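Here are a few short exercises to work through with the model open beside you. Try each one yourself before reading its solution.

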Amino acid sequence: RALIPETSSNKNTMQSQRFILGIGLAILLIISGASIGLDTKARQDSIETDRIVAVLKQFAELKVQVRAAEAAARGFALTGDAGFADEFKQARETITPGFAALLGAIDDPAQHRLLEETSTLVQQRLSISDELIRFRSANESAGGAASKLVADARSTVQAITANLDKVQAEQRLRLARQSAESRLTSRILLIIDLGGVALVLLLAALLVRE
């Protein structure tokens, strides 16, 4: 039986199909690579966002404990009530580990340095409060002198609070930037995915037409 010779039209059609498939495959590979890269970045952004949120929570808890310790020390100085001394001890036990955790979580050099300075101030203030409580416990009539010591230490407490507020505000700004970047990455990833679907449909339509 005689073989039907391949016509020039069939050759052109096959070449056109191969060309379309080759171009389409190359573009799809590029889109797939970009999509994988952006998806990886989106996951990293999510991890970083969760980390910053955890740091902000640690800041809030630490500030509460610092204020609680200061209020308890002041209350004991004024009243001599042993309950205030117990409250101070409970707050004090959480402050040092709290600073250690924050120092391990902060990677910005300037913020880390400011937090270290604040930790030193807090330790100095806690030492003063320890002495104050011992002094007040040993001398019940020394309430006036103890109150004066508490008043003199207020500037230190204000500096501690201001430093913590500053680092916390910078972390909030970082969270806002990170959230905006995450939203942008998600939009770009969605556009690329939709572009890939549109390209597949276009290639299918061209192949059917050929």
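The exercises below deal with salt bridges and then with a surface patch.

This is a predicted model, in which local features need pLDDT of at least 70 and side-chain atom pairs count only at pLDDT 80 or more, while totals for chains, interfaces and linings use all residues. Residues are numbered from 1 along each chain as its sequence is written, and side-chain values use heavy atoms, with hydrogens and water left out.

**Exercise 1.** Find how many salt bridges the whole structure has.

*Solution.* Start with the rule: a salt bridge is a side-chain nitrogen of Lys or Arg within 4 Å of a carboxyl oxygen of Asp or Glu. Searching the whole structure with it turns up ten salt bridges.

**Exercise 2.** Look at Lys41 and Glu181, and work out which parts of the chain they link.

*Solution.* First check the contact: their side chains form a salt bridge at 2.6 Å, N to O. Next, place the two ends: Lys41 sits in helix H1 (residues 8-79) and Glu181 in helix H5 (residues 154-209), so the pair links distant parts of the chain, 140 residues apart. Helices here are DSSP runs (H or I, at least four residues), numbered from the N terminus. Last, check the cover, where buried means under 20% relative accessible area, exposed over 50%, and partly exposed in between (1.4 Å probe, protein chains only). Lys41 comes out partly exposed at 26%, and Glu181 is partly exposed at 37%.

**Exercise 3.** Is Lys63, the partner of Asp165, buried or exposed?

*Solution.* Begin with the salt bridge between Asp165 and Lys63, at 2.5 Å, N to O. Asp165 belongs to helix H5 and Lys63 to helix H1, so this pair ties together parts 102 residues apart in sequence. Now the cover: Lys63 is buried at 12%, whereas Asp165 is partly exposed at 33%.

**Exercise 4.** Do the same for Arg125 and Glu70.

*Solution.* These side chains meet in a salt bridge of 3.0 Å, N to O. Arg125 is in helix H3 (residues 109-138) and Glu70 in helix H1, so parts 55 residues apart in sequence are tied together. Arg125 is buried at 4%, and Glu70 is buried at 6%.

**Exercise 5.** Which residues make the nonpolar surface patch of about 290 Å²?

*Solution.* Patch residues need over 30% relative accessible area and no salt bridge; like charges are joined within 9 Å, nonpolar side chains (Val, Leu, Ile, Met, Phe, Trp, Tyr) within 5 Å. Areas come from the Shrake-Rupley method with a 1.4 Å probe, and for residues only the protein chains shown count as cover. The patch is made by Phe19, Ile23 and Ile27. Phe19 lies in helix H1 and is exposed, at 58%.
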